[in-house]
Amino acid sequence: MKENIYNFGAGPAKLPSPVIKQIQEEFLDFKNMGSSIIEISHRSKEFDEMLYETDALFKEIVSLPDNYRILYVHGGAKMQFSAIPMNIIGRKPAKKALYYESGNFARMAANEAKKYGNVVTVAKSADTNYDRIPEFRKEDLEQDASYVYITSNNTLFGTRWHEFPDTGDLPLVVDATSEILSRKMDYSKFGILFAGAQKNLGPSGMALVVIREDLLGYAPDNTPELLNYKIYDEKHSLSNTTNTFAIYVINLVLKWLKGQGGVAAIEKINEKKAAYLYQVLDESGFYTGHAHKDHRSIMNVTFNLPSPELLNRFLKGSGDAGLTALKGHRSVGGARASIYNAMPMEGIEALASFMKEFERTNG
Ligand SMILES: Cc1ncc(COP(=O)(O)O)c(C=O)c1O
């Protein structure tokens with residue numbers, strides 16, 4: 001196995017090394033059953049216990065209030081772009097939803113929701129290529145809407161909502177795919193929070209959905225069973241064969257996070273990691289950050305170099321130095337360092353040194 005690789009990919013992303021090691025060690029024999037986790041029944045006692053344990057761990061780690069339900073939903077984050085409107089846009093006769101367009105994923109989510117109701121894009125930051133979070137004003141909220149939707153951390157652009165908007169009686173729906181469990185959040189402020197698992201939770205293809213229980217039960221009868229949150233809740237996410245492996249990995253990641261001191265502790269480390277890289281950008285006359293300083297993400301750090309040639313040389317050189325997957329998304333260009341919970345400080349230090357040396361020799 002290659003040593004000393006720091007993977008800065010946006011997702012699927014680096015998971016904690018001790019978790020990856022444990023998966024390898026346990027893979028042939030899950031809980032002394034003589035079979036692998038991917039070979040046992042999702043209805044076995046052993047799996048069931050693990051599912052309950054995973055719920056309990058998540059609940060404890062985020063201090064989830066009792067009136068919220070945890071669902072493990074197929075199809076990753078994008079599937080929820082459809083599932084959310086299907087499940088709750090019909091709560092009110094206007095079948096209306098309010099979207100804040102802070103990036104590509106927010107725009108895609110709004111476009112998907114248009115298939116099921118009336119979508120209002122309340123504010124957007126497309127004019128500045130999503131380098132900031134659009135302005136939130138409480139007076140813009142149309143009270144006949146069924147929900148308000150935001151993407152809390154914008155993976156491609158490196159921005160985040162530092163404060164969650166106060167939407168009053170309108171349920172706030174949050175796509176927290178690229179920052180779940182990275183900072184303290186008061187879940188009582190959310191109607192629904194969801195996250196594709198492939199960054200801070202586990203493997204891709206599954207989303208963890210947290211929903212306030214009074215929002216269950218509004219899906220029309222023709223909603224596909226596997227997109228109906230109420231059925232997920234009633235069947236404890238086992239209406240069909242779930243992705244047993246994904247839930248197992250989420251379970252291990254949650255245990256790892258608990259061992260790190262939980263969200264409050266990892267948030268401090270994440271802030272330190274991000275500040276370290278932003279300082280390199282701010283002290284440089286060479287790199288330019290994409291995100292407006294007041295809207296910077298602590299999970300995705302986006303920046304560019306003075307020319308495409310230098311960018312290519314930077315990406316090649318960093319890859320050769322074991323700092324991988326730093327290429328930015330095509331809609332922003334440049335480079336992006338995704339520094340989720342599992343990225344150790346040593347990886348940040350290695351990247352910062354490389355960036356400084358590259359600037360010294362190429363600037
Ligand atoms: C914020 C956000 N939302 C949605 C998605 C889409 O996730 P998925 O590929 O699981 O559908 C991503 C993927 O990176 C994301 O970063």
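A residue is buried if 20 or more other C-beta atoms lie within 10 Å of its own, exposed if 12 or fewer, and partly exposed in between. The exercises below use this cut-off on a predicted model.

**Exercise 1. Classify Leu 71, Ser 237 and Lys 31 as buried, partly exposed or exposed.**

Step 1. Leu 71 belongs to strand S2. Its count is 23 C-beta neighbours inside 10 Å, so Leu 71 is buried.

Step 2. Ser 237 sits in the loop between helix H5 (229-234) and H6. This residue has 24 other C-beta atoms within 10 Å and is therefore buried.

Step 3. Lys 31 is located in the loop between H1 and H2. Because 15 other C-beta atoms lie within 10 Å, Lys 31 is partly exposed.

Step 4. For the protein as a whole, 46% of the 363 residues count as buried.

**Exercise 2. Find which residues Leu 71 touches beyond its neighbours within four places in sequence.**

Step 1. Set aside those sequence neighbours; the contacts of Leu 71 are then Val 209, Ile 211, Tyr 229, Tyr 232, Asp 233 and Ser 237.

Step 2. Place the partners. Ser 237 is in the loop that joins H5 and H6, while strand S10 covers residues 206-212.

Step 3. For a residue that is far off, take Phe 27: 44 residues separate it from Leu 71 in sequence, and the C-alpha atoms are 25 Å apart.

**Exercise 3. Identify the backbone exceptions at Pro 12, Lys 31, Ser 237 and Gly 261.**

Step 1. Recall the background: most residues other than glycine have a negative phi, and most peptide bonds are trans.

Step 2. The peptide bond from Gly 11 to Pro 12 is cis, its omega being near -5°. Pro 12 lies in the loop between strand S1 (6-7) and H1, and Gly 11 is among the residues that surround the ligand.

Step 3. Two residues other than glycine have a positive phi: Lys 31, near 50°, and Ser 237, about 60°.

Step 4. Gly 261, just after H6, has a positive phi of about 105°.

**Exercise 4. Check the span of helix H6 (residues 244-259) and describe its surroundings.**

Step 1. H6 has 16 residues, so at 1.5 Å a residue it should span 22 Å. The end C-alpha atoms are 23 Å apart, which agrees.

Step 2. The buried residues of H6 include Thr 244, Tyr 248, Asn 251 and Leu 257.

Step 3. Among the elements that cover the buried residues of H6 are helix H1 (17-26), helix H2 (45-62), strand S2 (68-74) and helix H7 (262-282).

**Exercise 5. Describe how domain 1 and domain 2 meet.**

Step 1. Domain 1 takes in residues 18-259 and domain 2 residues 262-362. Their centres are 27 Å apart, taken over C-alpha atoms.

Step 2. In the interface, 25 residues of domain 1 are in contact with 23 residues of domain 2.

Step 3. On the domain 1 side, H2, strand S6 (153-154), strand S7 (159-160) and H6 each give two or more residues. This side holds 7 nonpolar, 10 polar and 8 charged residues.

**Exercise 6. Characterise the shell around the ligand.**

Step 1. Among the surrounding residues are Lys 78, Phe 105, Asp 175 and Ser 204.

Step 2. Helix H3 (residues 76-88) supplies the largest share of this shell, 3 residues.

Step 3. By type, the shell has 2 nonpolar, 8 polar and 2 charged residues.

Technical notes
Residues are numbered from 1 along each chain as its sequence is written. This is a predicted model: local features need pLDDT of at least 70, side-chain atom pairs count only at pLDDT 80 or more; totals for chains, interfaces and linings use all residues. A residue is near a molecule or strand if its C-beta atom, placed from the backbone, lies within 6 Å of it. Helices (H or I, at least four residues) and strands (E, at least two) are DSSP runs, numbered from the N terminus. Ala, Val, Leu, Ile, Met, Phe, Trp, Tyr, Cys and Pro count as nonpolar, Asp, Glu, Lys and Arg as charged, and the others, Gly among them, as polar. The expected span of a helix is 1.5 Å times one less than its number of residues. Two residues are in contact if their C-beta atoms, placed from the backbone, lie within 7 Å. Domain bounds come from an automatic or database domain assignment.
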